[in-house]
Amino acid sequence: MDIVSYVKYHPQPGETINAQHVSISQGGKGANQAVACAKLSRTPSLSTPTAHVSMVGAVGDDSYGPLLINSLQYFGVDTSRVSVKGGNSGLAVVIVDQLTGENRIVLSPGANYTLLPEHFSGIPEPRPDLLIMQLEIPTRTVLTVLKKAKEVGVPVLFNPAPVQQLPLDTYDDLAYLVMNETETCLLSGCAELDLREIGGIRHVAETFIEKGVQNVIITLGGRGVFFAGRDGKSSLIPAASTKVVDTTAAGDTFIGSLALSIVQFTTGREIDMEAALRAANKAAAKTVSRKGAAVSIPWRDELEYN
């Protein structure tokens, strides 16, 4: 669940301020990315979906658990692999600066941390065209699933958030690594200054290519998104213009749109990465133009006719 406070500015250490508005809604990075995949692949009536989206995760047996599952189902996500565990559901406290739309998030994993490596003996059938992963579950579970996916040839789109240092073999033949600037700096060891210029961004991306990543995507906020591939291609795609109201779920929307573009090319055709990233930027721009997390993510027809 997301508890979101909208404030005039982010408080300093030791400072207490009043929120202008507070909302409580269904969220979570993995859940938001699943919802993004679902909403961007269908209309509000849930008709004519272009993708089947299944969520693997856990909620607590608290009052939030049923709300989270019902929300996923409402948006068209298959929740048959979402289990109910004893204890609390995952909870995020989000503070949004109303002037800039920028947010700060503190996550309490709750039931997410009950998902252990021994619960994943393999990738279940039918095998997905793409597996999307984050770091909201225990790291050793993530590493186990990454290994299982690699063994059976299922490509993984990995969004390492909440960010933490990872072993080197995490990147070995990883299909897609999607990071924001903060995550990029922590995982690469670079300074924020290194991401100011295109040459520095390209150099940092190439360090991940050298570690084994096939495609590196670095989101740069208002500056757009940079990608580099193992094939030597790279480009900076400008951000889509919009009025920023709330950046919550912007990155999750971006990932959902990108994932849908990727699965369209599972038949062996080469993905047009620049077109895919432009579409992802457009979807994310729609999300940041309104408040909320899952509710702010656009449906497919909202982008088709805008």
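## Helix 7

In this predicted model, the buried residues of helix 7 are M273, A276, L277, A280, N281, A283, A284, A285, T287 and V288. An α-helix has 3.6 residues a turn, so residues three or four places apart point the same way. The elements covering the buried positions of helix 7 include four strands: strand 9 (176–179), strand 10 (215–219), strand 11 (225–229) and strand 12 (234–237). Helix 6 and helix 8 are also among the covering elements of helix 7.

Helix 7 covers residues 273–288, which is 16 residues. At 1.5 Å a residue the expected span is 22 Å, and because the end C-alpha atoms are 22 Å apart, the two values agree.

## Helix 1

Helix 1 (residues 29–39) is largely enclosed by the rest of the structure, because 10 of its 11 residues are buried. Those buried residues are G30, A31, N32, Q33, A34, V35, A36, C37, A38 and K39.

Contacts that cover the buried part of helix 1 come from strands and helices, including strand 1, strand 3 (54–60) and strand 7 (131–133). Helix 2 (64–74), helix 6 (250–263) and helix 8 (300–304) also belong to this cover.

## Four-stranded sheet

Four strands form an open sheet in the order 2-1-5-6, and their pairing is mixed. Strand 2 (21–25) and strand 6 (103–108) are the edges, each pairing on one side only. On average, neighbouring strands of the sheet are turned by 15 degrees against each other, direction ignored.

Strand 1 (residues 2–7) pairs with strand 2 in the antiparallel sense, over five bridges. S5 has V22 in strand 2 as its bridge partner.

Methods. Residues numbered from 1 in each chain as written. Predicted model: local features only at pLDDT ≥ 70, side-chain atom pairs only at ≥ 80, totals over all residues. Heavy atoms only, no water. Pairing = 2+ DSSP bridges. Helix = DSSP H or I, 4+ residues; strand = E, 2+ residues; numbered from the N terminus. Axes fitted to C-alpha atoms, helices over the stretch in contact; angles between N-to-C directions. Buried < 20%, exposed > 50% of the residue type's maximum accessible area, 1.4 Å probe, protein only. Contact = heavy atoms within 4.5 Å. Expected span 1.5 Å × (residues − 1).
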